[in-house]
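I opened a fresh page for this structure. These are my notes on what I looked up, in the order I checked it.

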Amino acid sequence: MSCATDNHCRPKSMSRAKDWTAEVENLFRFQQAGYRDELEYIQVQPGAAVDRWPDTGFVKKLQRRDNTFYYYNRKRECEDRDVHKVKVYAY
């Protein structure tokens, strides 16, 4: 069974980000909203599309578990001092 169809999909491992990348930026935004990553967001919020900035591809808006929203800028929000806090999961 794949992670897309399994509601109880668990990551096999976790590491911390070392350098800023666009992927780390988006993970930072998902984790700030209370999710591991985009996969968990889609599982918890079925039918919710991930709204992204067209020019950067960064996440624009996320619905939290309490049904409030986080809105993000089109520019980088994960500062160098926060990069090491971002968890990168492998499935």
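I started with Phe-58 and asked whether it is buried or exposed. Its relative accessibility is 7%. The cut-off for buried is under 20%, so Phe-58 counts as buried. I keep in mind that this is a predicted model.

Next I looked for a ring beside Phe-58. Trp-20 pairs with Phe-58. The two ring centres are 6.1 Å apart, and the planes meet at 85°. That makes the pair edge-to-face. Trp-20 itself is partly exposed, at 30% relative accessible area.

Where do Trp-20 and Phe-58 lie? I found Trp-20 in the loop between strand S1 (13-16) and helix H1 (22-32). Phe-58 lies in the loop between strand S2 (51-52) and strand S3 (59-63). The pair therefore ties together parts that are 38 residues apart in sequence.

I then checked the other rings. The structure holds five aromatic pairs. Phe-30, Tyr-35 and Tyr-41 are linked by ring pairs into a cluster.

Phe-30 sent me to H1, where it is one of the buried residues. The others on my list for H1 are Val-24, Glu-25, Asn-26, Leu-27, Phe-28 and Arg-29. What covers the buried residues of H1? The cover includes helix H2 (38-44), S2, S3 and strand S5 (87-90). Just after H1 I noted Gly-34, which takes a positive phi of about 100°.

Then I stepped back to the whole chain. I noted two helices and five strands. From the N terminus, their order is β-α-α-β-β-β-β. The radius of gyration is 13 Å, close to the 12 Å that the globule rule gives for 91 residues, so the protein is as compact as a globular protein of that length. Along the principal axes, the C-alpha trace spans about 35 × 30 × 25 Å.

How many of the 91 residues count as buried, as a percentage? I wrote down 30%. I also looked at contacts with a separation of 6 or more. Residues 24 or more positions apart account for 61% of them.

Last, I turned to surface and charge. The accessible surface comes to about 6000 Å². Carbon and sulfur atoms hold 50% of that surface. I found 17 positive and 14 negative charges in the protein. Their mean positions are 2 Å apart.

Technical notes. Residues are numbered from 1 along each chain as its sequence is written. This is a predicted model: local features need pLDDT of at least 70, side-chain atom pairs count only at pLDDT 80 or more; totals for chains, interfaces and linings use all residues. Side-chain values use heavy atoms; hydrogens and water are left out. Helices (H or I, at least four residues) and strands (E, at least two) are DSSP runs, numbered from the N terminus. The radius of gyration is taken over C-alpha atoms; the globule rule is 2.2 Å times the number of residues to the power 0.38. Buried means under 20% relative accessible area, exposed over 50%, partly exposed in between (1.4 Å probe, protein chains only). Contact means heavy atoms within 4.5 Å. Accessible areas come from the Shrake-Rupley method with a 1.4 Å probe; for residues, only the protein chains shown count as cover. Lys and Arg count as positive and Asp and Glu as negative; His and the chain ends are not counted. The place of a charge is taken as NZ of Lys, CZ of Arg, CG of Asp or CD of Glu. Rings of Phe, Tyr and Trp (its six-membered ring) pair if their centres lie within 6.5 Å; planes under 30 degrees apart count as stacked, over 60 as edge-to-face and the rest as tilted.
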